[in-house]
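Me: I am new to this structure and would like a close look at a single part of it, with enough of the surroundings to place that part. Please take it slowly.

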Amino acid sequence: MYRSGGLAGRLVDMRNTSENPASGGGVVELVDVTRTYPDGAGVRALDGVTVAFGRGTFSAVMGPSGSGKSTLLHCAAGLDRPDSGRVTLAGREIGTLREPKLTEERRRRVGFVFQSYNLLDALSVWHNVLLPQRLAGVRPDKRWAREVIARVGLSGRENDRPGQLSGGQRQRVALARALAARPEVIFADEPTGALDLSTGREVLSLLREAVGSLGTAVVMVTHDPAAAAWADRVVFLADGRMVDELVDPTAEKVAERMMAVSVR
Amino acid sequence: MIRLALGTLRRHRGAYLGTFLAALLAVALLASGGLLLFSVLTAKPPADRFGAATAVVSGGREITLTITKEKKDKVKRKTKSERLTGAGTLPTDLAGRVAALPGVAAAVPDAAFPVLLAAGGRPVRGADDAPVIGHGWASAALTPFTLRAGAAPGRGEVVLDADLAARAAVQPGDPVQITTKTGVHTLRLSGVAAPAGRDGLPAQGALFLADAQVGEVSGLAGPTAVAVVAAPGADHSALLAGLRTEAGDAPVLTGDDKVRAELPGALPDYIGPISIFGFVIAITAFAAIFVLTGTVALGVRQRLRELALLRTAGATPGLLRRLLGVESVLVALLAAVPGCPIGVVVANLVAARFRELGAVPAQFTVQTNVGVLLAAVGAGVLVASVSARIAGRRAVRIAPTQALAETATAPGGGQIGRLLLAIPPAGGAIAVLTFVPMGGVLGMGMGFVSCALLLCAVAAAGPALVRPLTTGAAWLVGKAGVTGWLAGAVSRAEIRRVTAVAIPLMLMFAINATMLLNSALTTKLATEEQTLRTAPAAAQVTAPGGLPLGTVERIAALPGVTGTAATLPTRVVLNQGGKPEDHPAQGLFDAGAERALDLGVRRGALAGEGTFAASDDLADTRSWRVGDNVEMWLADGQHVTLRLAAIYERSRGFGELVLPAQLVAAHDPRGLAAMVALRGDDVTDRVRAALPALTVVPTIEAAPAGDAQNQQGAWELLVVISLGFTAIAVVNTFAIAAAARRREYADLRLAGATTGQIWRMATRESVIAVAVGLLLGCAVTAIVVGVFSTAQDGRFRLIVDAGTYLGMLGGVGLLGLLAGAVPTRLVLRRGSLPAIAEGR
C-alpha cells in the first residue's frame, strides 16, 4: 500500500534476479546461538537460534521490541559474542575469533548501515567512504568509491562534512561506505528508522539494488512491515526464538504475521 | 529550577565528575592559600617578654613618613611606615624621669642586643634555632625570669635561661664566650634563670649580663625600651597619660602590643612569609580559576546534545542559562564539602614544610578561620557559575529546529569576540613587560604577573592560536600512517577540544618554567657576580654568625696581608617619594694597599666616612649622580645624610648600597662582618696560625655566600605546589575529554578500526595536543624569560638552564601523553562495541 506501481514493477525484476541464490548456502550462518545478558535478570536475548542468510539475498529480521532482533544482528556481524552456538561468516567460524582478528575479518567481509549513520563528523564524505579500506591497510579503490557515491546520488558532495548533510544523505553516505569495500554482506539496523517515508524508500531501493547488481547479501533489522516487504525473506523473532518465516513478503502479509507474533 | 538542576546532576553523575574535581581543587587551594595568608597576617608574637610590666615605652621600631597632598581644596595626608630591622634607643635618663611619675612602682630599662653564644668552642642557639638576645639583669624581672640555680651576674658574669644552659651543656662556674659587635667576651656562668613553668621564651634564647656591663658589651647608647610597673591600686589611665607626655615621640605600648618593644630580631618575622604566602595564593588562585573556567566550559560543551534536547522540549535560552548556572553552583557547593577540610590539611602540610625550611618562624601555626573558608567557597562558586554562564551563552542559542541535527557542534564563531577579549590581558602583559623595571626586586613578581596575563590572553584567543599550530602538528603526525592521518583529521575538526587540553598544558609549562628559569637565572647571575667580586681576594675568612670589627682589624694588621675587605650586611630605609622603602645594604671595611673586593665601580670611587656607594640600578631609578647628598635611615632608625661617592655594578646577592663599616657597626644591632676577603701571599696560613678559631678558605674553594638558602627552599616548594596542582588539572581535563568520546570510538569500530588502531589514533591525537600546548607554553615562557633576562644584564636568553628546560618539557609532555592515554584505554576496555547500542 506504500508502493507505487512503477517501483513495484522494478522490484519484481530484481526479485527475479535473486531467485537464483549463489550455491554454497549461507554467507552468514548461525547454529543454535544463545546469548544471555548478565544484567536484566538473566533474560535470554537469543535462545537457540539457527538461521542462515544466503549470498545475494535480501533478508529482513522482524519481531516485537525485546525479541532479540538487534542481538541476532550483532552476533551475526561479530559485534557481539554468543554464549553458545556457532556463527560462521563466509564459511569461517567467527564466534571464537579474538580481537583484532575478528575486526579484520569483519572489515573484509561486512558493511554496516545503522539507524544512527555512524559517520565520523571530523571527516568529509569522501574520507568517510574510504575509511574502512584505509583502516584495513588496503589501497582504496577510488574509482569504485566515486561510482558508489554517484550511485547513491551524492556526486559533488564529496568534500562536505556529515554535519552539513540531511539525515537521508547521511544514510546514503553510510551505504556508500558499506558498498565501497565490496562486502559480502551488509548488516542494516533500522536503516530507515530516522528517515521520512520517501527518503527511507530511496535507501531501501539502494540496498535492493546492491543485492541485485552486486550480489551482496543484506540482513536488515526493522520493525516496519513496509520496509520488510523489500526483502526476499522475512524472519520473525519472539522472546529470542525464531518463530516464523515468510518468503516473498508483502507489507500486508508481514503486518499480519507481526500481529500474530506479537500476541502470542 | 533547583529540582531540575538536581535531577540532571543525579542523572549525569559521571559528566560532572570533572567539574566537581576542578571545583574541589580550586576551593581546597583557595582555602589553604587564604588560611596561610590569614594566619601570617594575624600572627601575634608571643606577648610575654614584658609580661610583668604594665606598659612599655619603646624606642623607634619603624620609619614613618607623611606626605601632604593638596588637591583643590582638600588636603590629603598619607602616612606610610616601614619596619626597622634594628631597634632605636631611648634617652638614658628616661627611666629615671618615668620612675618619678605618680603611680609608678618601678621603671626598668631594657637594652636588648643580639649575641653569638658559644660554649666549649661550639655555637649555641635557642629553641628552633632562635637567636640569643642579651639583656641587663634588672630587666629579667619584667618577664619575670627567676633564678633556678646559681646567683645573679656580677661583672664578667652571665646568666642563661634554662633552655640555653641545657643546650650549651654548662653549669654555673663554667666559661662561655659571647660575640657582639664590640668584640669577643669570655664570661663565667653565674646562674640559670627561667620564666615560671618554662625553660625559656619562645623565639629567643635569653642571656643576662650585669647591668653595669650592658653598655660596653652591647655597644648601645641607651635602653631599647623602658618598662613600667604600676604601683598597686594606681590609676592606669592617668599613669599612661603621664607616660605619654614623658615619652614624647616614643610609642607607649600596653597589652599584647608590649612585645613590639622587643628587639625586632627576637620576634618571629612574618614579613618574609607574608610575601611568600601572598605569592602562593596569587599563583594557586590564578591556576585554580584558570583551570576551573576551562573545565566548566568543556563540561558545558560536552552536554550540547542534552541542551539541544531541552531546547526542543520548550526550554528558553534564558532558562537553560539559569539551569547551567544553578547546576554549577550546586556542583561547586558539593565540591566545597571535601574541599574545605582538604584545604585545611594542605595549609597545615605546607606550613609544616615551610617551618622545616625556616621560611616561616617555628611558632607559626595555621588558624582555621571560618570566614576565610567561606570566602574560598564563595570564590569557587562564583567562578564556576560565571564560567558556566559564559560557556553556556553561545550554547543555549541553539535553535530548537537545529537542535537534533546539530547535536555535536555548538554554534561556532565569536572568533572576533574572542580576539577582542584577548586584547586587554595581552596589552597588560606588554605594559608590564615594557614599563616595569624587571631588573629590580619586583622582577620575579612582575615576571609572574606578565606570565599570567599572557596566559589569559592566549586562553582568550584560544582556537585562533591553536588552529594554525594544530594544522602544523597534524600535518607532521599525519605522515605516520592511517592512524596518524586520522588523528590529524580529527584534531583539525575538533579545534575546541584540542584547545581545551592544550591550554592547561600550556599553563603548567609556562607558569612553572618561568618561575624555575627566572629563579635559576637570578641565582646564576648572583653567583657569577659573587665570583667576580671576590676574584681579587686570595682567601676568605668567615666565622659562624660573623666577626666583630675588632677581629677584622686584627686580621688586617697581620703581616703579609696586603688588602682586607669585610662586609657587614644590614638594611637601609630610603625615602621613595614619601614612602619609606627598605633596601639591602652592606657596610664595607676596606684596608690595605690593594682592594680585596671588586665591586665593579663604574663612576666615582669608594670613599670613607660620610659617603656611600649605590648600585647602578638604584642610582638609575633614583637618578642619583656622584656627589649627591642622600638622606637615609640606618637599621636602628638613625637618620643620616651621606654623599654618593661611587656607583658600582656588581650588586647581585650583595646589596644596593655600600656604607662605611663603622657606621653600620654602630647602628645595626648585629654589626658583624659576614665575610672578610684578603689579599697577600700565604694569607691562608698566616690567618690560620694567628686566629685558629676562624674558618679560612682560599677564594677558589669558597662556596658563594648567601642567605638566600631558605628563600630558595620556599621557592622550590612553591613550584612543587603549583606543579602538583596544574598536573592534576591537566589529567582532569584530558579525562573529561576522553570520557566523552565513547560514541566516536564506537563509530570507528563499526568502520572497521581495531581497538589497537583507535588506541594509536588517540595517542597521536595526544601527541598533537601536547605539542600545541608545549609550543604555546614555550612561546609564553620565551617572552617572559627573555624580557626578564634582558632586564637583568642586557643579554637575551630563552633557555637559561638547559637541564631545567628539558626536564620541564619532558615532564610536562610525558604527563600530557599519559593523561591522554590512560582514560582512552579505560574507555576502550570498558565496552568498545556494545556502546553502539547504548550510549546514545
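How many helices and strands are there in chain B, and how do α23(B) and α24(B) meet?

Reply: This is a predicted model, and chain B contains 24 helices and 24 strands. Before turning to the pair of helices, it may help to picture the chain as a whole: the C-alpha trace of chain B spans about 95 × 70 × 65 Å along its principal axes, and of its 840 residues 50% are buried. Among the contacts in chain B with a separation of 6 or more, 84% join residues that are 24 or more positions apart.

The part you ask about consists of helix α23 of chain B, residues 755–793, and helix α24 of chain B, residues 802–829, whose axes come within 9 Å and cross at roughly 150 degrees. Because of that angle, α23(B) is roughly antiparallel to α24(B), and the crossing of the two is right-handed. On the side of α23(B), the residues that take part include T755(B), I758(B), W759(B), A762(B), V770(B) and L774(B), while α24(B) brings, among others, L809(B), V812(B), G813(B), G816(B), G820(B), R825(B) and L828(B). Sorted by class, the contact of α23(B) with α24(B) has 12 nonpolar, 8 polar and 1 charged residues.

Helix α23(B) also has a part in the contact between the chains, which takes 22 residues from chain B and 22 residues from chain A. On the side of chain B that touches chain A, the elements giving two or more residues are α15 (481–493), α22 (742–750) and α23 of chain B, and of these α15(B) gives the most, with 4 residues. The residues on that side of chain B divide into 12 nonpolar, 6 polar and 4 charged.

As to how far the picture can be trusted, the model scores ipTM 0.84 and pTM 0.80, and the mean pLDDT of chain B is 84, with 92% of its residues reaching 70 or more. Two stretches call for care: over residues 406–411 of chain B the pLDDT stays under 50, although the model has 15 contacts for them beyond four places in sequence, and over residues 834–840 of chain B the pLDDT is below 50 as well, with 11 contacts in the model beyond near neighbours in sequence. Where pLDDT is low, predicted coordinates should not be read in detail.

Technical notes
Residues numbered from 1 in each chain as written. Chains lettered and ligands numbered in written order. Predicted model: local features only at pLDDT ≥ 70, side-chain atom pairs only at ≥ 80, totals over all residues. Buried ≥ 20, exposed ≤ 12 C-beta atoms within 10 Å, placed from the backbone. Contact = placed C-beta atoms within 7 Å. Axes fitted to C-alpha atoms, helices over the stretch in contact; angles between N-to-C directions. Parallel < 35°, antiparallel > 145°, perpendicular 65-115°, else oblique. Left-handed = near helix turned anticlockwise from the far one by under 90°. Nonpolar A, V, L, I, M, F, W, Y, C, P; charged D, E, K, R; others polar. pLDDT = per-residue confidence, 0-100.
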